[in-house]
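Biologist: I am new to this structure and would like a close look at a single part of it, the surroundings of the ligand. Could you take me through them in one connected account?

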Amino acid sequence: MAVQSRKPAQADAKVDKKVDAQVGKTWGRDRDVSFGTILISLGILVMSPIWVLYTYISCNGYSCAMSAPALEIYTATNSLEALKTLLIRELPQYSPYAMRLFFTWLTFQAVLYAFLPAQIGYGQRTPAGHLLPYKVNGLLAWVISHALYFAGGLYFGWWKLSIIHDNWGGLLIAANLYGYFLTFFCFIKAYTFPSHPADRKFSGSFIYDLLMGIEFNPRFGKLFDFKLFHNGRPGIVAWTMIDLSFAAAQYQKIGYVTNSMILLNLLHATYVLDFFYNEDWYLRTIDIAHDHFGFYLAWGDSVWLPWLYTLQSHYLVRNTVDLTPVQFAITFTVGFTGYFIFRSVNHQKDIVRSTNGECMIWGKPAKVIRTSFVTSDGKTHKSLLLCSGYWGLSRHFNYVGDLLISLAMCMTCGTQHLLPYFYIIYMTILLLHRIQRDHTRCKGKYGKFWEEYMKVVPYKLIPYVY
Ligand code: NDP
């Protein structure tokens, strides 16, 4: 049974149905996209699956050495037969068992999401004026999923704890099938039975719409939210479980679990548990408050996130890394300093918004800029921007924390290979790009108030540097 809670004071649950008849003309995702953006979108659509496949081949056949598969593929291009043999040997194989495993897991997560007791959290007001309720029960789903994983593996003997590692190739195929299905399903749904028509964005480009999505908050019924479900469950619940399964595989392989693998599991588990413990907060982050649901999130949550965010554990199974006490201490310190910053910055924003600015930040009354913005139904709403504490140092100091945690996760793999450092490289690009996207969105949403904030807080990420 859902327990109603955390409803913001300004929540007007009954959004005028007429809103759906209008198309948002205010802030929100880009509407007109340039030819260059379309080309980049096409590149992302084509290259992302190839990159995932490449990392699979690299780890599976070449101990995660980044250039080795490229060199062998290049050499094999001399002969079609050699290339064919190579690809057959290295590409993931279809497996009916892995297919059943993936879809059973997905269905199980959907059942947990739909039927576990939940609090109701609220996102940010959408450009069309909706204030949507969300089921917040991820922590319980995480606990049940992991308890079952251990019980099935250690007590009932239903599977080996290394089950995910052992079926990695087949699962990759299954997840891809689902990711593509979901992308096209949501694309068609956006045209035929959208959940909130006025919050759709059509860019005029098929490619851009496929990548970035048309619908803002596709749903089944009132509460089965595609964005929250797919990011949280097949994506983030799977993250820690994949790590554990790879740790079990390492144990089977070398007879013990390295301190690097333990630290990696600890860092990932801290990040994941923080996410679920603060799932209500997540409803007001950019993922939910800005991104539309296309390939970027549908395929990204099904394939990119579980495959590439766990790359370090794949690496550590193939390469035994025993960190020295000093390396361990440095990596631990970087990771948990990052986590402390990440959580404290995000907490400051949440607390200032939930108290309407009536709170203390670093021992002093919070300094805020009181703003207003208009939704496409013509209504004016109020909000505020915090400009003291961490939010007075730079406009995205929370990303500094995130980058430190990401770096520590990569550092668990030592310095022999570049591939396990993909995560920090990717996060740096993602967050720098996100700063730009967020700037465009906030400028559109808050106008002169955002400009005032920029004057008070001129730095984007690192004070006095950027
Ligand atoms: P933020 O949590 O910083 O959210 C940005 C939004 O907050 C803005 O769009 C604006 O939205 C509001 N805002 C901006 N400035 C202020 C201010 N001064 N005071 C109050 N509100 C403000 O960014 P993200 O959603 O990108 O990130 C959330 C966390 O998730 C971060 O710590 C990030 O590092 C992490 N993250 C992790 C990723 C991963 O894959 N591991 C990927 C991306 C993010 P509005 O005013 O409309 O509410």
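**The shell around the ligand**

Modeller: Helix 18 gives the most to the shell around the ligand, contributing 10 residues, and I should say at once that this is a predicted model. The shell has 29 residues, of which Q124, I286, D402, D438 and Y446 come nearest to the ligand. Sorted by class, the residues of this shell are 18 nonpolar, 7 charged and 4 polar.

Turning to individual polar contacts, we can begin with I286, one of the residues that come nearest, where a backbone N or O atom lies 2.5 Å from an oxygen atom of the ligand. Side chains take part as well: a polar side-chain atom of N398 is placed 2.9 Å from an oxygen atom of the ligand, while a polar side-chain atom of Y271 is found 2.8 Å from a nitrogen atom of the ligand. As for how much of the ligand is covered, it has 920 Å² of accessible area on its own, and the protein covers 95% of that area.

The elements that each give two or more residues to the shell are helix 15 (325-354), strand 9 (380-386), helix 17 (397-411), helix 18 (422-446) and helix 19 (448-456). Read along these residue ranges, N398 and D402 fall in helix 17 (397-411), whereas D438 and Y446 belong to helix 18 (422-446), the element that gives the most to the shell.

Conventions: Residues numbered from 1 in each chain as written. Predicted model: local features only at pLDDT ≥ 70, side-chain atom pairs only at ≥ 80, totals over all residues. Heavy atoms only, no water. Near = heavy atom within 4 Å. Polar contact = N/O pair within 3.5 Å; in protein donor to acceptor, adjacent residues only side chain to side chain. Areas by Shrake-Rupley, 256 points an atom, 1.4 Å probe, with all protein chains shown as cover. Helix = DSSP H or I, 4+ residues; strand = E, 2+ residues; numbered from the N terminus. Nonpolar A, V, L, I, M, F, W, Y, C, P; charged D, E, K, R; others polar.
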